[in-house]
Structures are given as structure tokens and as C-alpha cells.
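Reader: I am new to this structure and would like to be taken through some of its side-chain contacts and surface charges. Could you show it to me before we begin?

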Amino acid sequence: MFRPETFCRRTNMIRTCGHQVVRWSLRLSPGFALKSATLVEQNARQLAYSCRMCSHTQESQTSRASAQRHGSELSLRTLLDMGFTDTQAELVYEGAIKTLGKRSVTHDTSTITALFALGLNSSSIVKIFDKCPVLYTVRGAVVQQRIQNLWKLGVVDGTIQRVISYYPHILLMPAKRVNAAVEFIRTKCLFTAQQMRDILRDTPEVVEEDLNELEHKFQYAYFRMGVKQAEMVKAKLFKVSMEELRCRHCFLERRGFYQTPDKKGQTLIINPKLKDILSATEDVYLAQFAKATKEELDVFRKLVTREDEEKSNMPENWDIEEDEEETEEDMTDFKRGNMGHLGYVKSRRKR
């Protein structure tokens, strides 16, 4: 018979042994010790989650003598036994019925158990299912695998609960797709591992967006606006659409309140921070940064929209090309970590 307390003792033994390995390795190689410490801590978190998962499942099974298998049948009685209030249990059960149909009565509670084991309370779980009803269709074992993958990416306890509560759709995405998106962003945009963890924490939806569009947004901020990666992370760049980013920047630029840095990163004026530009409400943006009226901004938006439409209707003998010599030099600087200013894109008629 499975005993949660036995599993917990084994988990603590594994953690203790891991710490001993780290202490020994300190005498040999500090670099190896650091990697070992990170790995031990990561494994400890996953083992702790597994322990909570098994313990919670055992409690759920014990609460009902009729439970004969892992993941008991979804019903109002079961939900009440798991700790939901009457109102919460009704909301969850009705949500399951609406999403799954009458067959929901045979749907097990393993997904709910996995969320409880993560440390989420009943109120948070109700909100999660309200935001993402499709989660009712995902089995608990799959949810566990995707949670553990987020841990491997550095989304740790205290953060992972907030991420899932804010964007539960991330649990619908296969681990391979999440990992591929993270690798693409890190490779193409040269964010550090810590910066990537911050992006996942603040903007987890990036893993589901079009990656080429994300790269385009990054290139615009980096080359056109002269903003480095650390500032992009602080400004939560990927929360803003490309259209809004371009509109707010170009409006400031044309009014003389923003200037693209030269190759040495210098400007003749002091540019406002990207965070201030993007996070400000429209009224604050207009009053403090653009020093313009809403009517002027609305007219500018229409002009930008018209320009975009004209570009999309260009004949086929027009092409958007980059200044190859300048681009090659700037990309070399970019890979070395230096700030270079790209002439971005130029329209030129083919001959």
C-alpha cells in the first residue's frame, strides 16, 4: 500500500544526499558545484510536487470508501470532499458539464488533483477553469508533465502558480512546443536564461504567439528604437502588439521626442524609457511624453493604417530590402553584444 509519509522521507533523503554531493564537489570544481546545486534544487521541487500529488490523491481516495482507483469520478460530492465550497463545487461541475457534455460524469478529478498538489487553492482553481474550460479535457498526468516542464525551464514555486493562474492556456500546450518557442526566442533575440525566465513569468502567452512576429517586434525595438534586452524585459515588450509599439514610438519620433541612437548608443535628446512609453495609459502618454491631444494621435493612427495599406498594395516589382552592408555590420555587433543601429528596412524599386 502506498504511504505518502514514506515517499516524503525518501524525498528528504534524496535531497540530503544531493546536498552532500554538492559539498564534496565544491572541493573539486566551483562551476560543477553550481550546476549540481541547481539540478538538486530543481529535482527537489519536482519530487516535492510528486509527494504532494501522491498525498493529495491518497487523501481524496480515503475520503470516499467507494474510490477504487486514482482520480475519482467527478461529482458534486467528490468536489465537496476535495475542499470546494457548495458554490465553487457547482461552478466547477457545471463548467465540466458545459465543456464535456453529459459524459462529464465519467470524467475523473486527476486534473483538479494536480492543481491542488501545485499549491493552488479552490478559489484559484475555479478561476482557472473559468478562464480555460478546455482544461477540463486534459488528463491529470498530462498536466503534471507540463508543470514539471515549466519547472525545468526555471518557472519555480511561487512563480509557477501565478503564471498558471494568469495564463492557464499554457497547460494546453505540449512541452515540445513550449521548449521550441523558448529556444527560438533565446537564439534569435539573445536573451539570457534569467531574462527568458522573467519573460515566461510576465508574458507566458509568448509561447503561443507567432514566433516570426515576436522576432520582428524584438528587431524593431532593438534596431529601430535602440533598446537593449534588459529594458525590453522590464517593459514587458511582448505584451504589446506590434501595431501599438510602432504607433507610440513613431508618434514620439515625428514630434521630436524620440531619437534612434547612433552606433555609439548616443542621442541628442534624452529618450523616454520603453517601460514608460508602453505602460502609460493613453492620457498619460499624451500628456507626459507626446505632449499632444487625443485627436492628433487618432489622426496619426489613421495615417499609419493608410501607409500600411499602401505598402500591402505595392506592385510585385517593389521589394523591401535591407541595406546589406550596414545590416551585416550591425548584426555582427549584435552577436557580439554591442549596440548597433540598423537602417531597419528601406523600400527600393527593382530594376
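Author: Let us start with a tyrosine: at 14% relative accessibility, tyrosine 167 counts as buried, where buried means under 20% relative accessible area, exposed means over 50% and partly exposed lies in between (1.4 Å probe, protein chains only). This is a predicted model, in which local features need pLDDT of at least 70 and side-chain atom pairs count only at pLDDT 80 or more, while totals for chains, interfaces and linings use all residues. Residues are numbered from 1 along each chain as its sequence is written, and side-chain values use heavy atoms, with hydrogens and water left out.

Reader: What kind of aromatic pair do tyrosine 166 and tyrosine 167 form?

Author: Rings of Phe, Tyr and Trp (its six-membered ring) pair if their centres lie within 6.5 Å, and planes under 30 degrees apart count as stacked, over 60 as edge-to-face and the rest as tilted. A search of the whole structure finds eight such aromatic pairs. For tyrosine 166 and tyrosine 167, the centres are 6.5 Å apart and the planes stand at 40 degrees, so by these cut-offs the pair is tilted.

Reader: Is tyrosine 166 buried or partly exposed?

Author: Tyrosine 167 is buried at 14% relative accessibility. Tyrosine 166 has a relative accessibility of 36%, and therefore counts as partly exposed.

Reader: What is the angle between the planes of tyrosine 222 and phenylalanine 223?

Author: Both tyrosine 222 and phenylalanine 223 are buried, and ring pairs link them with Phe191, Phe218 and Phe238 into a cluster. The pair of tyrosine 222 and phenylalanine 223 is edge-to-face, with 5.0 Å from centre to centre and a plane angle of 75 degrees.

Reader: Why are aspartate 81 and arginine 77 separated by about one helical turn?

Author: These two residues form a salt bridge, their closest N and O atoms being 3.2 Å apart; the term stands for a side-chain nitrogen of Lys or Arg within 4 Å of a carboxyl oxygen of Asp or Glu. Aspartate 81 counts as partly exposed because its relative accessibility is 32%. The separation is about one helical turn because aspartate 81 and arginine 77 are four residues apart in helix α3 (residues 76-82), a helix being a DSSP run (H or I, at least four residues) numbered from the N terminus.

Reader: Which residues are joined into one network by salt bridges that share partners?

Author: The structure holds 12 salt bridges, including that of glutamate 244 with arginine 248, whose closest N and O atoms are 2.8 Å apart, and arginine 248 is buried at 8% relative accessibility. Lysine 294 and aspartate 298 form another, with 3.2 Å between the closest N and O atoms, and these two are about one helical turn apart because they lie four residues from each other in helix α16 (residues 294-312). Lysine 294 counts as partly exposed at 41% relative accessibility, as does aspartate 298 at 28%. Salt bridges with shared partners join Glu244, Arg248, Glu282, Lys294, Asp298 and Arg301.

Reader: In which helix is glutamate 243 found?

Author: Glutamate 243 belongs to a surface patch of negative charge together with Glu208, Glu209, Asp210 and Glu213; patches are made of residues with over 30% relative accessible area and no salt bridge, like charges being joined within 9 Å. At 59% relative accessibility, glutamate 243 counts as exposed. The helix that holds glutamate 243 is α13 (residues 242-254).

Notes
Patches are made of residues with over 30% relative accessible area and no salt bridge: like charges are joined within 9 Å, nonpolar side chains (Val, Leu, Ile, Met, Phe, Trp, Tyr) within 5 Å. Accessible areas come from the Shrake-Rupley method with a 1.4 Å probe; for residues, only the protein chains shown count as cover. Lys and Arg count as positive and Asp and Glu as negative; His and the chain ends are not counted. The place of a charge is taken as NZ of Lys, CZ of Arg, CG of Asp or CD of Glu.
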